[in-house]
Amino acid sequence: MNDESLLSAYVDDELDATTRAEVEARVAESDELRVVLDDVRAMRSVVRGLPDVTAPAGFWERMLAADADEVVSLADERRRRRPRTRWSFAGAAAAAAIIGVAAIPQQEPVQPRLATLTQSHSDRASLDNDVVINLAGVVVSQDLAP
Amino acid sequence: MADGIPTWEEVARDHGGLLYRVAYRLAGNHEDAQDLVQEALLRVRKGLERYELGSLEGWLARIVTNVFLDDVRRKQRRPTDALPDDAERVLPESPSAEDASAQLADEIQAAIAALPEEFRVPVVLCDVADQSYEQIAAALDVPLGTVRSRIHRGRGLLRDALKDFEL
């Protein structure tokens, strides 16, 4: 067989019937190809058999809470300034204060008290001295203003 | 959901698990996976109006893959910002962890994360996102034969990396 990659395609059921039969015939004739085929099957099973991985607690609350144009804009700004940073809890809390509370599948709904959120945000913004987070506070204040 | 097009919240709720799985297997750690998913969801939110009915999971896998590749390119331009790919491996939670299967899973994940991106992406799209070769070719804008050879080469590199383990 000139192209060993056909073995991966064979295992993934990505070959037409003719090519599939051809691969099977070649493998039947070659111990070396059988070893490669076994390896391909093993690696495919290894990756597919990895345990499921889920996001850390609170991640989806933050993502859904952040579904507000104001926060998306803030996130864009933060990413522009600090490409590797993520939305902080304070930023997400501010977002939750803006749009209310989102129910997340498989996790308890979060209904933080506004006063707690505001205080938490304020504390974090001060500690971080983060201009953008501080801006998030401005958004909250403006949105909540009568 | 209107006209079969899901809302942003429905995408996050119903398909967030897939997005996170793909992101984690590509990135190799939770920190970067969260960054990837966050950015992917922003792109989903902005692009939902342009979504054409079809394989939603394929579309999402393509988005998170593009986010990952953009991130790789950005890190290549700014190498001092990059964290080690195997940060979690360097600092294991516990050197005396009893759970052998969990340790093996970590080793496998580390081997995936160590694959060059050109092999890692198609392997993850195939074996984690369960995408067909045709879908992967479309996502990466490469010929079908290239997908096939990269998946095969990626699996070969994984085999080499894991040769000391009983699999």
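**Entry 1: where the chains meet**

I began with the meeting of the two chains, and I found that 45 residues of chain B are in contact with 41 residues of chain A. Three residues of chain B stood out in my notes, since B:Gln38, B:His152 and B:Arg155 supply 16% of the area that chain B buries against chain A, more than any other three residues. For the area buried between chain B and chain A I noted about 4000 Å², with 61% of it given by carbon and sulfur atoms. I should record here that I am reading a predicted model, and I keep that in mind for each value below.

**Entry 2: charged and polar pairs across the interface**

I next looked up the salt bridges and found a count of 6 between chain B and chain A. I wrote one of them down in detail: the side chain of B:Arg159 meets that of A:Asp39 in a salt bridge, with 3.6 Å from N to O. For polar contacts, I noted 14 residue pairs between chain B and chain A, counting pairs in which both residues have pLDDT 80 or more.

I then asked which elements give two or more residues to the side of chain B that touches chain A. They are helix H1 (8-27), helix H2 (30-47), helix H3 (56-77), helix H5 (100-114), helix H6 (117-127) and helix H8 (144-161) of chain B. I marked H2(B) as the element that gives the most to this side, with 12 residues. Sorting the residues of the side of chain B that touches chain A by kind, I have 18 nonpolar, 8 polar and 19 charged.

**Entry 3: each chain on its own**

I turned to chain A and found 8 helices and 0 strands, so that entry was soon written. Of its 146 residues, 42% count as buried, and the accessible surface of chain A comes to about 8100 Å², with 49% of it belonging to carbon and sulfur atoms. Among the contacts in chain A with a separation of 6 or more, I noted that 64% come from residues 24 or more positions apart.

For chain B I also recorded 8 helices and 0 strands, and I noted that 48% of its 167 residues count as buried. Its accessible surface is about 8500 Å², and carbon and sulfur atoms hold 48% of that. Where contacts in chain B join residues at least 6 apart in sequence, 68% of them join residues at least 24 apart.

**Entry 4: an arginine in chain B**

I wanted to know whether B:Arg120 is buried or exposed. B:Arg120 lies in helix H6 of chain B, and I count this residue as buried because its relative accessible area is 3%, which falls under the 20% cut-off. Looking for a partner of its side chain, I found the backbone oxygen of B:Ala113 at 3.1 Å from a polar side-chain atom of B:Arg120.

**Entry 5: two aspartates with positive phi**

I looked up A:Asp13, whose phi is near 55 degrees, a positive value in a residue other than glycine. A:Asp13 sits in the loop between helix H1 (5-11) and helix H2 (17-29) of chain A, and I list this residue as exposed because its relative accessible area is 56%.

In chain B I found B:Asp130, for which phi is near 55 degrees, again a positive value in a residue other than glycine. B:Asp130 is in the loop between H6 and helix H7 (133-140) of chain B, and at 53% relative accessibility I enter B:Asp130 as exposed.

Notes
Residues numbered from 1 in each chain as written. Chains lettered and ligands numbered in written order. Predicted model: local features only at pLDDT ≥ 70, side-chain atom pairs only at ≥ 80, totals over all residues. Heavy atoms only, no water. Helix = DSSP H or I, 4+ residues; strand = E, 2+ residues; numbered from the N terminus. Buried < 20%, exposed > 50% of the residue type's maximum accessible area, 1.4 Å probe, protein only. Contact = heavy atoms within 4.5 Å. Areas by Shrake-Rupley, 256 points an atom, 1.4 Å probe, with all protein chains shown as cover. Buried area = accessible area lost by both parts, 1.4 Å probe. Salt bridge = Lys/Arg side-chain N within 4 Å of Asp/Glu carboxyl O. Polar contact = N/O pair within 3.5 Å; in protein donor to acceptor, adjacent residues only side chain to side chain. Nonpolar A, V, L, I, M, F, W, Y, C, P; charged D, E, K, R; others polar.
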